[in-house]
Amino acid sequence: MGTVLKLPIIDLTSPEKLSISQLIRQACVDHGFFYLTNHGVSEELMERVLTESKKLFSLPLDEKMVMARRGSRGYSPLYDEKHESSAKYKGDSKEMFTFGSSEGVLGQLYPNEWPLEELMPLWRPTMEYYYKNVMDIVGKKLLGLVALALNLEENFFEQVGAFNDQAAVVRLIRYPGELDSSGEETCGASAHSDFGMITLLATDGVAGLQVCRDKDKEPKVWEDVAGIKGAFVVNIGDLMERWTNGLFRSTMHRVVSVGKERYSVAVFVDPDPNCVVECLESCCSETSPPRFPPVRVKDYFHERFSQTLASYSGSG
């Protein structure tokens, strides 16, 4: 393991919106990562989600494969996701379960795969309650602060049709954590950046998450991100980087094996699929023209997911 990176801590209960938004701005410019505390989602609920997640991953493989993902929702076995393109790399050492909202058009287009109720009676209600809590209590408020950090109206992301509380996706992840017998470093999640706007990560406290603040530097310098009990680790995604013309950093990160099982829950606060992401006026000028062309979210996601999921067949 490397040096522990000291990330900024953002307290979501602070009444000083402008000062908090400036702290978020600095964190997104410097690191692309920060901790979010006092966010309103209870530790008890976060623990329940992790407990139910462990129950699902402990099922026999054949029972989990009944829920195998269709598109991007459902169960993904070990090595299903591959961020590295080298032929010798067989895929990430992790298994995942992804779900989204069951409501609205997206819920109909991309139905969730759920465990049988008689097998896991508390699973679906716990997960749906968590989804609603995170989006209603944290997602909208945090995006409002991000908008203020970019010198925009607080409801900017709603005005442009980006914020859709049914567009977020939750991913439960289990990393076996086994070390390579040869002593080489092994990855539960190989180096990557997230695709969307913002990611809210809850973990069980086991180490392994690392960030590389300068992806162009060789050799790459990896720094550890420690967990803070009850806090979310928040990071900026690629689409937010595009919106801000590179001002906010979508930082490369990975999860390395530490010889211990690791569980995490990532909420990807993604834009509405029909939203067009283009450079914000506040982030470009004659001397700093837009670096990225406008792109429709669903087209962008389709291209990116097709590169990482071998049998990907649609967005959602």
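Which residues point one way from β4, and which the other way? The tour of this predicted model reaches that strand after a view of the whole chain.

**The whole chain**

Display the protein chain in full. It has eight helices and 14 strands. Its C-alpha atoms fill a box of roughly 55 × 45 × 35 Å along the principal axes. A compact globule of 316 residues would have a radius of gyration near 20 Å, and the 19 Å of this chain agrees with that value. Of the 316 residues, 54% count as buried. Among contacts with a separation of 6 or more, 79% are accounted for by residues 24 or more positions apart. If a surface is switched on, the accessible area comes to about 14,700 Å², of which 51% belongs to carbon and sulfur atoms.

**Strand β4**

Next, select residues 95-100, which form strand β4, and show the side chains. Glu95, Phe97 and Phe99 point one way, whereas Met96, Thr98 and Gly100 point the other way. In a regular strand, side chains alternate between the two faces of the sheet. In β4, the residues of both sets are buried, and the strand is accordingly described as mostly covered, with six of its six residues buried.

**The partners of β4**

Add residues 74-76, which make up strand β3. β3 and β4 pair in the antiparallel sense over three bridges; Tyr75 has Phe97 as its bridge partner in β4. Then add residues 169-175, strand β5. Six bridges join β5 to β4, and these strands also run antiparallel. To locate this pairing, select Thr98, which stands opposite Arg171 in β5.

**Helix α5**

Proceed to residues 123-149, helix α5. At 1.5 Å a residue, its 27 residues should span 39 Å; the end C-alpha atoms are 37 Å apart, which agrees. Centre the view on Met135, where α5 bends by about 35°. Just after the helix, select Asn151, which takes a positive phi of about 60°.

**Ser53**

Finally, select Ser53, which lies in helix α2, residues 43-57. Is Ser53 buried or exposed? Buried means under 20% relative accessible area, and Ser53 counts as buried because its relative accessibility is 0%. Leaving aside residues up to four places away in sequence, Ser53 touches Trp123, Met127, Leu172 and Tyr263. Two elements already visited appear here: Trp123 and Met127 fall within α5, and Leu172 falls within β5. As a last step, draw a distance from Ser53 to Leu280: their C-alpha atoms are separated by 38 Å, and the two residues are 227 residues apart along the chain.

Key: Residues numbered from 1 in each chain as written. Predicted model: local features only at pLDDT ≥ 70, side-chain atom pairs only at ≥ 80, totals over all residues. Heavy atoms only, no water. Buried < 20%, exposed > 50% of the residue type's maximum accessible area, 1.4 Å probe, protein only. Helix = DSSP H or I, 4+ residues; strand = E, 2+ residues; numbered from the N terminus. Pairing = 2+ DSSP bridges. Expected span 1.5 Å × (residues − 1). Bend = angle between axes of the 7 residues up to and from the residue. Rg over C-alpha atoms; globule rule 2.2 N^0.38 Å. Contact = heavy atoms within 4.5 Å. Areas by Shrake-Rupley, 256 points an atom, 1.4 Å probe, with all protein chains shown as cover.
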